[in-house]
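Q: I am new to this structure and would like a close look at one part. Please start from the surroundings of the ligand and work outward from there.

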Amino acid sequence: MIQHEPDREARSPWSQHQEGQTVRLSPLHAQIDHTLRIPGSKSFTNRALIIAALAKGTTRLQGVLQSDDSYWCMKALRELGVHIDVDGDTVTVQGNEGQWAISEAELYVGAAGTVARFLPSALAIGKGVWTLKGSRRMSERPLTVLLNALSSLGCDIQYQENPGSVPLTLQANGLNGGEVTVSGAVSSQFISGLLLAAPYAKEPLMIRIDGEVVQRDYVEMTLDMMRAFGVKPEVQDDGRTIAIQPSVYEARTLSLEPDVSTCGYFWALAALTNGRIRIEGISAQTRQPDIELLHVLEQMGCTITRGETFVEVRGTARLKGGFTVSMQRWSDQTLTLAALAPFADGPITLTDAAHIRHHECDRIAAICQELRKLGIQVEEHEDGLTVHPGQPQPALLDPHDDHRMAMALSLIGARVNGLQIADPGCVSKTCPDFYERWRDLGVGVDFI
Ligand SMILES: O=C(O)C1=C[C@@H](OP(=O)(O)O)[C@@H](O)[C@H](O)C1
Ligand SMILES: C=C(OP(=O)(O)O)C(=O)O
């Protein structure tokens, strides 16, 4: 029934659903008119945790996300001897000034791209031997570009199964400085990973970026977070070269923004059901690239109010389609738009997102497959898809063990009676209580 067996080991204790569950959704019983708060950004959470671990002093983070991705990040850091105290969404981290207390350990990164791509460089600055393991899917996701860069800077990497992927053993004796060239054409996280550790290289490190970077704003988020902890990256050559002097992160007290990628599902729900959703604690000026969704919702006929500390979306009786949009900068919302598209009055084409074939699943193939199960006409392209207007028919859908597939497809369940999604627990990667939130907004949610 479900083709893509979930990798249960990658679900953390913060996951809220049991094995074998399916969720059955039914349309809203009243129009949505709500103000919400959304948990902290996964991207800021894991950047802040890793920097705080490397910092001098005790950092206090507020608005930390509690989900699988942040759980595996904290667990790995704890296994490296970092003291982390969690009190709700407030987390205190005692920094190690770049010296890992435990010099031999096996670390599990789960299905978290941020942990798999940020931890190797942070380990490479230390002295020790560490084994990195991850979910089944993680061993298929690209890592070679980052690992080659680390090898060229003096880190020894042995692969246990396939060259260029986890599981692997990393033997480090400090990260050399100098120059390294890295491509961000498949993932921006390779560049972010190198940057996060760069202040602790033995000599100044110059990172040269080769070619176009997908989702470049995530690199800017990394640079912003480094600056917030007192390190001053020197960005030159239109952002293509970044120099980092040997320096130390200084502990801070920081409040993290809500996760705009998660906000996207809630704004899209208002768009789709002609409702109103205001999300507090976020400004449209955020660095998080998925905020771009607002422009497309506007183009589709929604009304957006951008306050200083909130963003509100009001839906429309008929969504407008008939356009093409490049998802290169904010591709985590590709699935959200693909799920809205059948309800628009013209086809929607999403382009420049070939890299999402390397995310939690091959997202382009997966969304096409699932939309077709609903009777929707879809064309798959190498770098995206075209979705045609149609009336989705209820079906049992497979989220391919991908949180964003489940959350995006759940939008359709707010309009189509009896839509079922297998393994709803996969939402715990970034939003463990997604279905409870959906239910609180009036969508019918039954676990069967
Ligand atoms: O650095 C980050 O926090 C992220 C970078 C992006 O990944 P890629 O650059 O690998 O596409 C994004 O899709 C992911 O959800 C978070
Ligand atoms: C691509 C994603 O995650 P990761 O950090 O694992 O790359 C995502 O959350 O959509």
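A: What follows starts at the ligand and then moves through the helices, strands and loops.

The model is predicted. Which residues surround ligand 1? The shell holds Ser43, Gly113, Thr114, Ser187, Ser188 and Gln189, along with Ser192, Val214, Gln215, Tyr218, Asp332 and His355. By class, two of these residues are nonpolar, nine are polar and one is charged. Two helices, α3 (113-124) and α5 (189-197), each supply at least two residues of this shell.

Now follow α3 to its neighbour. The axes of α2 and α3 come within 9 Å and cross at roughly 30 degrees. The two helices are therefore roughly parallel to each other. On the α2 side, the contact is made by Asp69, Trp72, Cys73 and Ala76. On the α3 side, Thr114, Val115 and Leu119 take part. Thr114 also belongs to the shell around ligand 1. The contact of α2 with α3 divides into five nonpolar residues, one polar and one charged.

Helix α2 (residues 68-79) also packs with helix α1 (residues 42-54). Their axes come within 10 Å and cross at roughly 10 degrees. So α1 and α2 are roughly parallel to each other. From α1 come Lys42, Thr45, Asn46, Leu49 and Ala53. They meet Asp69, Ser70, Cys73, Met74 and Leu77 in α2. By class, this contact has five nonpolar, three polar and two charged residues. Asp69 and Cys73 of α2 appear here, and they appear in the contact with α3 too.

Next comes a residue in a loop. Tyr249 is found between β13 (241-244) and β14 (253-255). Is Tyr249 buried or exposed? Tyr249 is buried, because 26 other C-beta atoms lie within 10 Å, and 20 or more are enough to count as buried. Leaving out residues up to four places away in sequence, Tyr249 touches Ile51, Leu54, Ala55 and Lys56. Pro199, Phe229, Gly230 and Val231 are also among its contacts. The C-alpha atoms of Tyr249 and Thr35 are separated by 37 Å, with these positions 214 residues apart along the chain.

Thr35 leads to the strands. Strand β2 (residues 33-36) is joined to β15 by four bridges, and the two run parallel. One bridge pairs His34 with Ile277 of β15. Strand β15 also has five bridges to strand β17 (residues 310-314), and here the run is antiparallel. Glu280 stands opposite Phe310 in β17. In a regular strand the side chains alternate between the two faces of the sheet. Strand β15 (residues 276-280) has Ile277 and Ile279 on its covered face. Arg276, Arg278 and Glu280 make up the uncovered face.

Further along the chain, four strands form an open sheet in the order β18-β19-β21-β20, with mixed pairing. The strands β18 (323-326) and β20 (378-381) stand at the edges with a single partner each, so one side of each has no neighbour in the sheet. Direction ignored, neighbouring strands are turned by 10 degrees against each other on average. Four bridges join β18 to strand β19 (residues 348-351), and these two run parallel. Thr324 has Thr349 of β19 as its bridge partner.

Helix α10 (residues 363-373) packs on this sheet, where it touches β20 and β21 (384-387). The direction of α10 makes about 170 degrees with that of β20. The buried residues of α10 are Arg363, Ile364, Ala366, Ile367, Cys368, Glu370 and Leu371. These buried residues pack against α9 (334-340), β20, β21, β22 (396-397) and α11 (403-413). Just after α10, Gly375 takes a positive phi of about 85 degrees.

A few backbone details complete the tour. Most residues other than glycine have a negative phi, and most peptide bonds are trans. Glu97 has a positive phi of about 55 degrees although it is not a glycine. Glu97 sits in the loop between β5 (90-94) and β6 (104-108) and is partly exposed, with 13 other C-beta atoms within 10 Å. Asp237, also not a glycine, has a positive phi of about 55 degrees. Its loop runs between β12 (234-236) and β13. Asp237 counts as exposed, with 9 C-beta neighbours inside 10 Å. The peptide bond from Val166 to Pro167 is cis, with omega near 0 degrees. Pro167 is found in the loop between β8 (156-159) and β9 (168-173).

Conventions. Residues are numbered from 1 along each chain as its sequence is written. Chains are lettered from A and ligands numbered from 1 in the order in which they are written. This is a predicted model: local features need pLDDT of at least 70, side-chain atom pairs count only at pLDDT 80 or more; totals for chains, interfaces and linings use all residues. Axes are lines fitted to C-alpha atoms, for helices over the stretch in contact, and angles run from 0 to 180 degrees between N-to-C directions. Angles under 35 degrees count as roughly parallel, over 145 as roughly antiparallel, 65 to 115 as roughly perpendicular and the rest as oblique. Two residues are in contact if their C-beta atoms, placed from the backbone, lie within 7 Å. Ala, Val, Leu, Ile, Met, Phe, Trp, Tyr, Cys and Pro count as nonpolar, Asp, Glu, Lys and Arg as charged, and the others, Gly among them, as polar. Two strands pair if DSSP finds at least two bridges between them. A residue is near a molecule or strand if its C-beta atom, placed from the backbone, lies within 6 Å of it. A residue is buried if 20 or more other C-beta atoms lie within 10 Å of its own, exposed if 12 or fewer, and partly exposed in between; C-beta atoms are placed from the backbone.
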